[in-house]
Amino acid sequence: MRDQFSRRSFIRQTVSVGAVGIGAAALLSACGKKEGGGGKKKAEAAAGCTDVSGLTAPEKAMRTTTSKYMDVGPDPAKVCDGCQLYIAAKAGAACGGCSVVKGPIAPKGTCNLWAKKA
Ligand code: SF4
């Protein structure tokens, strides 16, 4: 009888530890998925809309030297999402585009070509 109690006790403890282990694994897995699922958005948000690796030299020059694009405009009344040249970000994306300035464009960015949305 005593042996049976100790076996039951062992089984209970084993099941409890297993349940805790499965719960912890599920929690860690969920955390990982959350980070991975929004990876591109998070990467864009962290880096801003500054990846110009796909642009040609003239496009980069237009972006930096001619238009003087910046990721965050100093005047909240003159930012890209209020500009008629702004191309809105696709659903879930952090960066939009621009008809004139190539590359990713932050909605709260600006440049010296800003033109009020009609
Ligand atoms: S023209 Fe300049 S301010 Fe207007 S959307 Fe393009 S980058 Fe932004």
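**Exercise 1.** In this predicted model, find the volume of the largest cavity, and state how many cavities of 30 Å³ or more the structure holds.

*Solution.* The largest cavity has a volume of about 60 Å³. With the cut-off set at 30 Å³ or more, the structure holds one cavity.

**Exercise 2.** Determine which residues line the largest cavity, and how they divide into nonpolar, polar and charged.

*Solution.* Begin by listing the lining, which is made up of Tyr-69, Cys-80, Cys-83, Leu-85, Tyr-86, Cys-98, Val-101, Ile-105, Cys-111 and Trp-114. Then sort these residues by type, which gives ten nonpolar, no polar and no charged.

**Exercise 3.** Work out where the ligand sits and which residues are around it.

*Solution.* The ligand sits in the largest cavity. Next, look at the residues around the ligand, among them Tyr-69, Cys-80, Leu-113 and Trp-114; this shell divides into ten nonpolar residues, with no polar and no charged ones.

**Exercise 4.** Place Ile-105 in the largest nonpolar core and name residues with which Ile-105 is in contact.

*Solution.* The largest nonpolar core has ten residues, including Ile-105, Cys-49, Tyr-69 and Ala-106. If neighbours within four places in sequence are left aside, Ile-105 is in contact with Cys-49, Arg-63, Tyr-69, Cys-80, Tyr-86, Cys-95, Gly-96, Gly-97 and Cys-98. As background, nonpolar side chains in soluble globular proteins tend to be buried together.

Methods
Residues are numbered from 1 along each chain as its sequence is written. This is a predicted model: local features need pLDDT of at least 70, side-chain atom pairs count only at pLDDT 80 or more; totals for chains, interfaces and linings use all residues. Side-chain values use heavy atoms; hydrogens and water are left out. On a 1 Å grid over the protein atoms alone, a cavity is a set of points where a 1.4 Å probe fits but cannot get out, and a pocket is an open set with protein on both sides within 12 Å along at least five of seven lines; lining residues have an atom within 4 Å of a point. Grid points are joined across faces, edges and corners, and a volume is the space filled by probe spheres set on the points. Ala, Val, Leu, Ile, Met, Phe, Trp, Tyr, Cys and Pro count as nonpolar, Asp, Glu, Lys and Arg as charged, and the others, Gly among them, as polar. A residue is near a molecule or strand if one of its heavy atoms lies within 4 Å of it. A molecule sits in a cavity or pocket if more than half of its atoms lie within 2 Å of its grid points. A nonpolar core is a set of buried Ala, Val, Leu, Ile, Met, Phe, Trp, Tyr and Cys residues joined through side-chain atoms within 4.5 Å. Buried means under 20% relative accessible area, exposed over 50%, partly exposed in between (1.4 Å probe, protein chains only). Contact means heavy atoms within 4.5 Å.
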